[in-house]
Amino acid sequence: MRTRLDDFISRISAQRDILDYIAEKQASLPDGPILEIGLGNGRTYSHLRVRFPNRHIIAFDRENGAHGSCRPDDGDVVLGDIKETCLSYTGKRAAIGHADIGTGYPEKDAVIREWLPSRVVAVLAPGGLAVSGLELMHPELEEMPLPASVGKGRYFLYRRR
Ligand code: SAM
């Protein structure tokens, strides 16, 4: 029987493997910043900083709660409810948006899936990539192949049309 620990490990591995996979292709991405949608403890922020050293990374959360070793400058953190703050970034033409704001509760995640896709589309440049822990259904987002190590439905990768 799978445990929550098993699920956590496979989700986090998938997250890292997709970020590494797109880092290898970064030369083909549009110009623009990376948006870390859900800063949390800053683990993926720290990974993005190392894998994309030439990109400006802007994080979104209710607070700048990242670990001290990888805390973004306050000026690079947009505080507030992502549902609203992402809208203020409409048209910023980001190269990548990474959204890790799933809760693990199906009914709560269903509500997030109603508004998150339109926010991601609003902030991405055409050709930009969305990496997400939640499925993003939107006509402007084309699902992309995943690295072989990532099981279908474990984590998601899209390209903005
Ligand atoms: N990827 C991060 C890491 O590696 O440390 C973990 C992100 S954590 C799972 C999700 C974060 O998103 C939490 O810090 C939470 O506060 C934030 N979050 C979730 N929904 C949000 C919302 N609607 N507005 C602002 N922040 C939100």
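Trainee: What share of the contacts in the chain with a separation of 6 or more comes from residues 24 or more positions apart?
Mentor: This is a predicted model. Take the contacts in the chain with a separation of 6 or more. Residues 24 or more positions apart account for a share of 61%.

Trainee: What radius of gyration does the chain have, and what would a compact globule have?
Mentor: The chain has 161 residues. A compact globule with that count would have a radius of gyration near 15 Å. The chain agrees with this, because its own value is 15 Å.

Trainee: In what order do the elements run from the N terminus on?
Mentor: There are four helices and seven strands to place. From the N terminus on, the order is α-β-α-β-β-α-β-α-β-β-β.

Trainee: What percentage of the residues in the chain is buried?
Mentor: The cut-off for buried is under 20% relative accessible area. The chain has 161 residues to sort. Buried residues make up 46%.

Trainee: How far apart lie the centres of the positive and negative side chains?
Mentor: Count the two sets before placing them. The chain has 22 positive and 22 negative side chains. Their centres lie apart by 2 Å.

Trainee: Is His 98 buried or exposed?
Mentor: His 98 sits in strand 4, residues 94-99. Its contacts beyond four places in sequence include Gln 15, Leu 35, Thr 44, Val 131 and Tyr 155. Its relative accessible area is 0%. Buried means under 20%, so His 98 is buried.

Trainee: Which residues of helix 2 are buried, and why do they count as lying on the same side?
Mentor: Helix 2 covers residues 43-51. Its buried residues are Thr 44, Tyr 45, His 47 and Leu 48. They cover an arc of only 160° around the axis, so they lie on the same side of helix 2.

Trainee: Which exposed residues does the face of helix 2 turned away from its buried side carry?
Mentor: Start from the buried side. Its cover includes helix 1, strand 1, strand 2 and strand 4. The face turned away from that side carries exposed residues, namely Arg 43 and Val 50.

Trainee: Is Ile 57 buried or exposed?
Mentor: Ile 57 lies in strand 2. Among the residues it touches are Tyr 45 and Leu 48, both of them buried residues of helix 2. Its relative accessible area is 5%. That is under the 20% cut-off, so Ile 57 is buried.

Trainee: What distance separates the C-alpha atoms of Ile 57 and Glu 36?
Mentor: The two are 21 residues apart along the chain. Ile 57 touches Glu 36. Their C-alpha atoms are separated by 6.9 Å.

Trainee: Does Trp 115 count as buried or exposed?
Mentor: Trp 115 is in helix 4, residues 106-123. Leaving aside neighbours within four places in sequence, Trp 115 is in contact with Ile 82, Lys 83 and Ile 101. Its relative accessibility is 12%. With the cut-off under 20%, Trp 115 therefore counts as buried.

Trainee: How far apart in space are Trp 115 and Ile 82, C-alpha to C-alpha?
Mentor: In sequence they are 33 residues apart. The two residues are in contact. C-alpha to C-alpha, the distance is 9.9 Å.

Trainee: What phi does Arg 93 have?
Mentor: Arg 93 is in the loop between helix 3 and strand 4. Most residues other than glycine have a negative phi. Arg 93 is not a glycine, yet its phi is positive, at about 55°.

Trainee: Is Gly 75 buried or exposed?
Mentor: Gly 75 is found in the loop between strand 2 and strand 3. Its relative accessible area is 73%. Exposed means over 50%, so Gly 75 is exposed.

Trainee: How far apart in space are Ser 149 and Ile 82, C-alpha to C-alpha?
Mentor: Ser 149 is in the loop between strand 6 and strand 7. It is exposed, with a relative accessible area of 54%. Ser 149 and Ile 82 are 67 residues apart in sequence. In space, C-alpha to C-alpha, they are apart by 30 Å.

How values were computed. Residues numbered from 1 in each chain as written. Predicted model: local features only at pLDDT ≥ 70, side-chain atom pairs only at ≥ 80, totals over all residues. Heavy atoms only, no water. Helix = DSSP H or I, 4+ residues; strand = E, 2+ residues; numbered from the N terminus. Rg over C-alpha atoms; globule rule 2.2 N^0.38 Å. Buried < 20%, exposed > 50% of the residue type's maximum accessible area, 1.4 Å probe, protein only. Contact = heavy atoms within 4.5 Å. Lys, Arg positive; Asp, Glu negative; His and termini not counted. Charge placed at Lys NZ, Arg CZ, Asp CG, Glu CD. Arc of directions from axis to C-beta.
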